[in-house]
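Colleague: I'd like to go through this model with you and hear how each label is earned. Could you put it up for us?

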Amino acid sequence: MLESVTLDELDRKVLQVLQLDGRASFRRIGEVLDVSENTAARRYRNLRALGLRTVARPVPARLGRTEWIVRIQVTPDAATPVAEALAKRPETGYVSVGGAGTEIHCGIIAPATEENEAPLLPSLHRMNRVTAINAHCLLHVYDGDPPVWATKHNPLAPAQLAALAPPAPRTVEPDAELADLDEADHALIAALGEDARATYPQLAAITGLTSSTAKRRVDRLVAEGVVLICTEFPPSRLGYRLMSYLWLRVEPARLEEVGTALAAHTPISFAAAVTGPHNMVATAITRNTGGLYRYLADHVGTLPGVQYVETAPALRQIKRLTR
């Protein structure tokens with residue numbers, strides 16, 4: 001767990017600009033926040049030292065893949081080694097340990113098949129300390145407004161938001177058309193996955209494209225929803241030390257209503273409709289257990305259509321993926 005730090009108002013505004021436009025130049029950040037380009041760059045470097053990173057996340061539906069959340073039950077002595085092994089797998093996006101150290105939550109991207117089979121990793125089934133595996137396919141991700149968790153806390157002024165380019169859509173339906181990509185596009189996606197703020201000359205050197213072509217292709221990948229540019233900053237640095245998974249059963253006729261409402265709540269960083277006995281999952285980020293209780297009692301519990309909520313705090317995050 002990282003220690004919390006004190007960020008002043010400008011630090012938080014720089015963080016929010018990057019949450020909304022991860023590739024915004026220092027000049028652009030300075031213009032939006034009415035500070036110099038050098039000041040924007042200096043504040044960015046300070047945030048980087050505290051754990052900020054910006055990466056591109058491929059959108060599975062545009063690449064012919066499906067996204068799953070897998071709940072893995074293990075014996076108490078197996079949680080850490082199994083979670084660490086999963087974190088090394090390229091198909092995992094995030095891995096966390098919860099359930100008093102006996103449950104692993106894992107996000108997996110798998111090729112879509114005609115049968116839409118669950119992506120059960122063969123190696124897991126061969127582990128005698130894994131006692132159960134439940135896979136839930138993501139059907140629809142709900143966007144909040146603002147769309148990113150960190151931007152829900154003391155958001156930018158309306159004029160500052162208006163000065164930023166409209167964010168690319170974060171939600172792509174599972175039946176979206178496959179993106180028409182060539183080898184250079186895949187190389188760009190891989191490079192942006194390491195550092196989404198890489199300059200166009202840097203991307204050109206990696207891919208063999210010219211800088212202007214690299215820029216044109218990156219703009220297209222973002223505009224067409226093939227990748228999401230995501231900026232991550234550890235919530236614990238801001239004093240929010242508890243992340244919890246909320247597994248909900250919702251009346252089917254109210255899925256859209258409840259999902260949209262959840263995504264707008266300040267503690268929620270992610271909300272989606274899924275397959276399985278729970279038809280919705282969300283992640284809530286709160287300062288402590290008291291904050292989680294108040295959120296459940298005052299907000300989740302009052303939503304019409306919510307029939308049942310299972311709460312599963314994450315004890316340790318082994319691998320992180322920004323939403």
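**Labels and what backs them**

Modeller: Gladly. Let's start with a strand pair: β2 and β4 pair in the antiparallel sense over nine bridges. Please keep in mind that this is a predicted model.

Colleague: What makes β2 and β4 a pair?

Modeller: Two strands pair if DSSP finds at least two bridges between them. For β2 and β4 there are nine bridges, so the label holds under that cut-off. Glutamine 73, for instance, stands opposite glutamate 103 in β4.

Colleague: And how do you know that β3 and β4 pair?

Modeller: By the same reading: the two strands share six bridges, in the antiparallel sense, and at least two are needed. Here glycine 98 stands opposite glutamate 103 in β4. The hairpin of β3 and β4 has four residues between the strands, and in it glycine 99 takes a positive phi near 55°.

Colleague: How do you know that β5 and β8 pair?

Modeller: Strand β5 (residues 130–141) and strand β8 (residues 268–274) have three bridges, again antiparallel. The cut-off is at least two bridges, so this also counts as a pair. Histidine 140 stands opposite alanine 273 in β8.

Colleague: What makes the sheet a barrel, and in which order do the strands run?

Modeller: Eight strands close into it, in the order β2-β4-β3-β10-β7-β9-β8-β5, and the pairing is antiparallel. From one strand to the next, the twist averages 40°. Helix α4 (residues 79–87) packs on the sheet, where α4 touches β2, β3, β4 and β10, and its direction makes about 170° with that of β3.

Colleague: Why is β4 described as mostly covered?

Modeller: Seven of its nine residues are buried. Buried means under 20% relative accessible area.

Colleague: Let's test that cut-off on one residue. Why is glutamate 232 called buried?

Modeller: Its relative accessibility is 7% and the limit is under 20%, so glutamate 232 counts as buried. You will find glutamate 232 in strand β6 (residues 227–232).

Colleague: What makes its link to arginine 320 a polar contact?

Modeller: The side chains of glutamate 232 and arginine 320 come to 3.2 Å, and the pair of N or O atoms must be within 3.5 Å.

Colleague: Why is aspartate 182 called partly exposed?

Modeller: Aspartate 182 has 33% relative accessibility. Buried would need under 20% and exposed over 50%, so aspartate 182 counts as partly exposed. Aspartate 182 lies in the loop between α6 (158–163) and α7.

Colleague: How do you know that aspartate 182 caps α7?

Modeller: One of its side-chain oxygens lies 3.1 Å from the backbone nitrogen of alanine 184, at the N-terminal end of the helix. The side chain of aspartate 182 also reaches the backbone nitrogen of aspartate 185, at 2.9 Å. In addition, a polar contact of 2.7 Å joins the side chains of aspartate 182 and arginine 217.

Colleague: How do you know that the length of α7 is close to what is expected?

Modeller: From first C-alpha to last, the twelve residues of α7 reach 17 Å, close to the 16 Å expected at 1.5 Å a residue.

Colleague: Why do you say that the buried residues of α7 line one face?

Modeller: The residues in question are Ala184, Asp185, Leu188, Ile189, Ala191 and Leu192. Seen down the axis of α7, they fall within an arc of 165°, so they line one face of the helix. The face turned away from this buried side carries the exposed residues Glu183 and Glu194. The buried residues of α7 pack against β1 (53–58), α8, α9 and β6.

Colleague: And what makes the buried residues of α8 one face?

Modeller: In helix α8 (residues 200–207), Leu203, Ala204 and Thr207 are buried. Their arc, seen down the axis of α8, is within 105°, so they line one face of that helix. Pro201, Ala205 and Ile206 are exposed, on the face turned away from the buried side of α8. The cover over the buried residues of α8 includes α7 (183–194) and α9 (211–223). After α8 comes glycine 208, with a positive phi near 85°.

Key: Residues numbered from 1 in each chain as written. Predicted model: local features only at pLDDT ≥ 70, side-chain atom pairs only at ≥ 80, totals over all residues. Heavy atoms only, no water. Buried < 20%, exposed > 50% of the residue type's maximum accessible area, 1.4 Å probe, protein only. Arc of directions from axis to C-beta. Contact = heavy atoms within 4.5 Å. Polar contact = N/O pair within 3.5 Å; in protein donor to acceptor, adjacent residues only side chain to side chain. Expected span 1.5 Å × (residues − 1). Axes fitted to C-alpha atoms, helices over the stretch in contact; angles between N-to-C directions.
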